[in-house]
Amino acid sequence: MIRLENISKQNSHRILFLEASAALNRGEKVGLVGPNGAGKTTLFRMMTGEELPDTGQVAVEKQVSIGYFNQDVGEMSGRSAVAEVMNGAGPVSTVAAELASLEEAMCDPDRADMDAIIERYGEVQARFDELGGYELEGRAREVLAGLSFSQEMMDTDVGALSGGWKMRVALGRILLMRPDAMLLDEPSNHLDIESLIWLEGFLKGYEGALLMTSHDREFMNRIVTKIVEIDGGSLTSYSGDYAFYERQRALKEKQQEAQFERQQAMLAKELKFIERFKARASHASQVQSRVKKLDKIERFEPPRRRQVVSFDFPPAPRSGEDVAVLKNVHKGYGGRTIYEGLDLTIRRKERWCVMGVNGAGKSTLLKLVAGSTEPDAGTVTVGGSVKMGYFSQHAMELLDGDRTVFESLEGSFPQAGQGSLRALAGCFGFSGDDVEKKCRVLSGGEKARLVMATMLYNPPNFLVLDEPTNHLDLDTKQMLIMALAAYEGTMLFVSHDRHFLATLSNRVLELTPEGIHQYGGGYTEYVARTGQEAPGLHS
């Protein structure tokens, strides 16, 4: 359906693609992977025709409709969320808009042209029905409900929604369109676990071709059956899911390594012979033939190692047995009660993950424990020897925009040496000149990494983490999971990343309208016991 044929593309001084080829065929579900800045978004833009390759061509079959979702949703306002989602559905959206404006006009009883309006309304309504408008609205509401919109939010002006919810509206528009090919750039980014699971089911049932990037390996694993990797300017296809690709790539690296080392040993042996006998006339012809042989050999490259850095925690000071104790806690906002008599004891080395639908009070619990909000009644006591580190989305807004990454770290740790701070920055993806970037120009992911680096350099013995992986790419996320798996302290966290939940939790606190449930095992045991991956989702 869409073919990339020998494409080359340069972005300022960087070569993104060099005579690279790949294809997206009918019905295929493909995951696109590669390090940050490798050119994933550029590839999408070339497929939609927004950018052109420098050489080579992008061939799209005639009449193929393409839906492209990216993180840049643009301006949205003046329409309800449901109307905005229907807006991408071709002619019916124009008719829906006229229908809405006629309905508004009919609400004004003083209009002189009411008869004409009512007559026109009848015509437009018939046309809307003919185009399947009523089924479309039903489907649009279904999609929005799947993305966790309440009925009230669906009918709210989309301009009043936050960036994350607007992102869901833009995604809903593409899903409702059901194009022949969907190109989804990070569709899982702003979704909670319930929406993620719904989207997973939707995409599995979608019959068109799908090309997507995602920082959520579990999500990708369950949907794609092929991986295209961008690395060093070339595109390599692997048939299988993300886990299969990881195994194949590791195997390929091992083979390349062995091939390279065998050749290096052979070359060393030959060069030693030449070196030893080059001055002897009796060996002249042998030396000559070996020199010629070496000139003709095609040299193997050493495998290009992916820069995946690991981060080792300095050991955290030991805390007492009771890290945090909540007794008979009541908390509400406005007229809404969130907690009524909550009791919870968090003990040393426990790793609690908090599960619950939107608005159940997950972040509120973390704020109560971190002391950034007070209970209306009851007590929250943190142990005397507890040193807490609290990561929230709000922490990213508190970075000083005028400081560089390095100055920010230096300000937090004035006693630390330049070398160790640079090593820390490198672990969290700030290598070379990146440490000189001003905080104000950092992306969401970079801000999250900087806050995380600051928190973990001198580690607390109690980590309270609210969506710590929200903006992190696959490699940084993996580094963080490995570091936290080796962490000796106590954790309380909220995350919608199932790989993160399964690897790190050993306790589950589930918040539901029926009450609060505590589970002794981690997330994997919770799924096995409840038969669901998240509260309110019965599989």
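**View 1. Glu207, out in the open.** Glu207 is exposed, with a relative accessible area of 74%; here buried means under 20% relative accessible area, exposed over 50%, and partly exposed in between (1.4 Å probe, protein chains only). You'll find Glu207 in the loop between α8 (193-205) and β7. Helices (H or I, at least four residues) and strands (E, at least two) are DSSP runs, numbered from the N terminus. From the C-alpha atom of Glu207 to that of Met266 is 52 Å, with the two positions 59 residues apart along the chain. A quick note on what you're looking at: this is a predicted model, where local features need pLDDT of at least 70, side-chain atom pairs count only at pLDDT 80 or more, and totals for chains, interfaces and linings use all residues. Residues are numbered from 1 along each chain as its sequence is written, and side-chain values use heavy atoms, with hydrogens and water left out.

**View 2. The whole chain, for orientation.** The protein chain has 19 helices and 18 strands, and its C-alpha atoms fill a box of roughly 115 × 70 × 50 Å along the principal axes. Of its 539 residues, 47% count as buried. Take the contacts (heavy atoms within 4.5 Å) with a separation of 6 or more: 67% of them are between residues 24 or more positions apart. The accessible surface is about 26,400 Å², and 49% of that belongs to carbon and sulfur atoms; the areas come from the Shrake-Rupley method with a 1.4 Å probe, and for residues only the protein chains shown count as cover. As for charge, the mean positions of the 62 positive and 75 negative charges sit 12 Å apart. Lys and Arg count as positive and Asp and Glu as negative, leaving out His and the chain ends, and each charge is placed at NZ of Lys, CZ of Arg, CG of Asp or CD of Glu.

**View 3. Asp216, a buried acid with no salt bridge.** Asp216 is in the loop between β7 (209-213) and α9 (217-223). What is the nearest side chain of opposite charge to Asp216? That's Arg498, 4.6 Å away, whereas a salt bridge needs a side-chain nitrogen of Lys or Arg within 4 Å of a carboxyl oxygen of Asp or Glu. The Asp216 side chain does reach the backbone nitrogen of Phe219, at 3.1 Å. Setting aside residues up to four places away in sequence, Asp216 touches Ser188, Leu196, Leu474, Lys477, His496 and Asp497.

**View 4. Asp497 and its lysine partner.** Asp497 belongs to the loop between β16 (490-494) and α18 (498-504). Its relative accessibility is just 1%, so Asp497 counts as buried. The side chains of Asp497 and Lys477 share a polar contact of 2.7 Å. That term covers a pair of N or O atoms within 3.5 Å; within protein, one must be able to donate a hydrogen and the other to accept it, and residues adjacent in sequence count only if both atoms are side-chain atoms. Beyond four places in sequence, Asp497 is in contact with His215, Asp216, Thr469 and Lys477.

**View 5. Glu28 and Lys226, a long-range pair.** The structure holds 35 salt bridges, and one of them joins the side chains of Glu28 and Lys226 (3.3 Å, N to O). The two come from distant parts of the chain, 198 residues apart: Glu28 is in the loop between β2 (14-24) and β3 (29-33), and Lys226 is in strand β8 (residues 226-231). Buried or exposed, this Glu28 and Lys226 pair? Both are buried.

**View 6. Glu218 and Arg222 on helix α9.** Glu218 makes a salt bridge with Arg222, the closest N and O atoms being 3.1 Å apart. The two are four residues apart in helix α9, so about one helical turn separates them. Glu218 is partly exposed at 23% relative accessible area, and Arg222 is partly exposed at 28%. Salt bridges with shared partners tie Glu200, Glu218, Arg222, Arg498 and Glu533 into one network.

**View 7. Arg111 with Asp113.** The side chains of Arg111 and Asp113 form a salt bridge (3.2 Å, N to O). Arg111 is partly exposed, with a relative accessible area of 35%, and Asp113 is partly exposed too, at 34%.

**View 8. Helix α1, mostly covered.** Helix α1 (residues 40-47) has six of its eight residues buried: Lys40, Thr42, Leu43, Phe44, Met46 and Met47. Just after α1, Gly49 takes a positive phi of about 85°.
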